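User: I would like a close look at a single part of this model, the site that the database record annotates. Please place it in the setting of the whole protein chain as well.

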Amino acid sequence: MAHLTPGTVFGDQYAMSAWNNDHTRFEADVYELEVIGVLPKALHGAFYRVQPDTAFPPMFGDDEVPLNGDGNVASFYIKDGHVDFKNRYIRTPKFQLERAARRALFGRYRNKFTDDPRVQNVLTRTTANTHVIYHANKLMALKEDALPFELDTETLDTLGIVDYHGTYSCPTHTAHPKADSTTGELVGYGYEAKGDGTPDIYSWTVDRHGRVTQEVLFKAPWACMIHDFWMTDNYVVFPINGLKASLEHMEKGGEHFYYDDNLDYQLLGVLPRRDAKPEDVKWFKTPRGCYAHTINGYEEENGQLVLDASVWTDCHFPFFPNSRGKKFFTDPTTLRAPVIRYRFNPNITSINEMIYPEQVLCEGVNEFGRIDDRLLGKKYSNFWALQVNPASPVHVNDHETVPAPGFNTLTHYNFETGKMQSYRHRDDTTFQEPIFVPRFDGAPPEDGYVLVLADLFREQRNHLLLFEASNIASGPIAQIKLPLKLMDGLHGSWVDGKDVDQAAKARSVEHGA
Ligand SMILES: C/C=C/c1ccc(O)c(OC)c1
Ligand SMILES: [Fe+2]
């Protein structure tokens, strides 16, 4: 186990994807980005997104988990046809302590046993690196191992940990909570709720004022990475995969998760959203694969649940070991992530029968499916996602292509027509997660735009592309040129301009500024 010393040049352990072959690590302000095309005049708001961006060389030379990077949040603020950019590291205790020491003090991904003894007693070792969402006047950076960090909507300054006014009682909090646009509630959960490696799940609802109103603690059959879930009007559904959490491995200085490749099924746990007791959860078996991101779920009038997701056919995180301790065991050439739809009635379906997807909506490798977030938990007709087209290489220059094409294709699936549109930008381009933007505050459902960060390999910089959501195939209506290269990011949100301002006002009252 090679220890990296202060001042070490980062090794290639982060060369996980061709785009992330170097670190960016900057904090920047760019005023008035150049725009190719014209931004709609009425478009007002901010696109926030976060990337894991390791601020110091990792403690261990063999650390290959990119999910451990420090959360670095970017904002694109759009108003009156103009765009300003900003990005900042989140001031987590980890980031602050490592900055003061000018070296890594925290060890492996979600393994406190590998930390430097002088940081054993910090409040949290989280990186806040997975999602940025807005709820109850708060912009929050999230990672599933800890509570959210509140950020200033304008400056991106870190304001502190969100504990929902002291009403939240769990050490963990999903990075994928769902806002219900009808009730104004935020619905979520924390897994490993009784500590590292525990199978307990804390299911919760926070009201529109940011206080916990529903909570229940129940047990899953085993402890695993529950990265995302489904919310409907009356249910929450938890996908249980084979990425198992092992306290024993952690204590030995190993990885938090391993993939149990002997497991030939996965589970769905269905729990009522309101007044649930621990024994109310119903478990259903589903086919082999590895759950990661959901897309949306809703209930039909006859009580059927519709659950959509992209589901990996095997372990999608090559840097976690399998049951025999072997890493990089999945064959990347056969790994797929089709978009599937389940439809079943949780009240009349027997928990002894295997539930199979009713439909495969998109074949191949699909990820980062997003919808008009105002329709979370409700019937919807469209999602936007990324796809790998293996037949379409990504060029770094006129002579070289990247080893694997990556997410070179933006897709739009419409359930009404059953048709998929796709868009390939340039021969050197991959995409990051698409975001739906309502055309204006209060616009009809699914009427709006899609924003997507494009990775331009030839220029080594990013452009933010704006599309008409219903017509991605004809290309972006505006291209916002970032004179910088961001890393591969995870998730983000569009926040309406009035909320950006309102959040600032609410804060100045709360903090007496
Ligand atoms: C697709 C990404 C999924 C994911 C799962 C667990 C994590 O800790 C994480 O951190 C960035 C990302
Ligand atoms: Fe995610």
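Analyst: Two residues are taken to be in contact when their C-beta atoms, placed from the backbone, lie within 7 Å. In this predicted model, His227 touches Glu144, His176 and Ala292 on that criterion, with residues up to four places away in sequence left out.

Two of these names lead directly to the annotation. According to the unreviewed UniProt entry, the "binding site" covers His176, His227, His293 and His491. These positions are spread over 316 residues of sequence, yet they cluster in space, with a largest C-alpha distance of 12.4 Å.

His227 is located in a loop, between strand E13 (212–219) and strand E14 (230–231). Is this residue buried or exposed? A residue counts as buried with 20 or more other C-beta atoms within 10 Å and as exposed with 12 or fewer; His227 has 18 and is therefore partly exposed.

His293 has another setting. Strand E20, residues 290–299, holds this histidine. His293 is buried, because 21 other C-beta atoms lie within 10 Å. Beyond its neighbours within four places in sequence, His293 contacts Asp228, Ala309, Ser310, Glu367, Phe368 and Gly369.

Which residues surround ligand 1? They are Pro52, Leu67, Asn129, Thr130, Lys143, Glu144, His227, Ala292 and Leu490. His227 thus belongs both to the annotated binding site and to the surroundings of ligand 1. Glu144 and Ala292, which His227 touches, also appear around the ligand. By character, this shell consists of four nonpolar, three polar and two charged residues.

One loop of the chain deserves a separate remark on its backbone. Arg110 is found between helix H1 (93–101) and strand E6 (131–135), and Ala128 also lies in the loop between H1 and E6. Arg110 has a phi near 50 degrees, a positive value in a residue other than glycine. For Ala128, phi is likewise near 50 degrees, again positive in a residue that is not glycine. Arg110 counts as buried because 25 other C-beta atoms lie within 10 Å. Ala128 is buried as well, with 32 such atoms within 10 Å. Asn129 and Thr130 are among the residues around ligand 1.

The wider setting includes a nonpolar core. The largest such core has 126 residues, of which Val73, Phe76, Ala141, Val236, Val237, Val450 and Leu451 touch the most other members. Strand E30 (residues 448–456) provides the largest share of this core, six residues. Val73 contacts Ala141, and its other contacts more than four places away in sequence include Tyr48, Val50, Ile90, Val132, Leu151 and Leu156.

At the level of the whole protein chain, the secondary structure comprises three helices and 33 strands. The radius of gyration is 22 Å, close to the 24 Å that the globule rule gives for 513 residues, so the chain is as compact as a globular protein of that length. The C-alpha trace spans about 60 × 55 × 55 Å along its principal axes. Of the 513 residues, 47% count as buried. Among contacts with a separation of 6 or more, 59% join residues 24 or more positions apart. The annotated histidines give a local example of positions spread along the sequence that cluster in space.

Note on methods
Residues are numbered from 1 along each chain as its sequence is written. Chains are lettered from A and ligands numbered from 1 in the order in which they are written. This is a predicted model: local features need pLDDT of at least 70, side-chain atom pairs count only at pLDDT 80 or more; totals for chains, interfaces and linings use all residues. UniProt positions are given in the numbering used here, feature names are shortened, and annotations may be inferred rather than shown by experiment. Helices (H or I, at least four residues) and strands (E, at least two) are DSSP runs, numbered from the N terminus. A nonpolar core is a set of buried Ala, Val, Leu, Ile, Met, Phe, Trp, Tyr and Cys residues joined through C-beta atoms within 7 Å. A residue is near a molecule or strand if its C-beta atom, placed from the backbone, lies within 6 Å of it. Ala, Val, Leu, Ile, Met, Phe, Trp, Tyr, Cys and Pro count as nonpolar, Asp, Glu, Lys and Arg as charged, and the others, Gly among them, as polar. The radius of gyration is taken over C-alpha atoms; the globule rule is 2.2 Å times the number of residues to the power 0.38.
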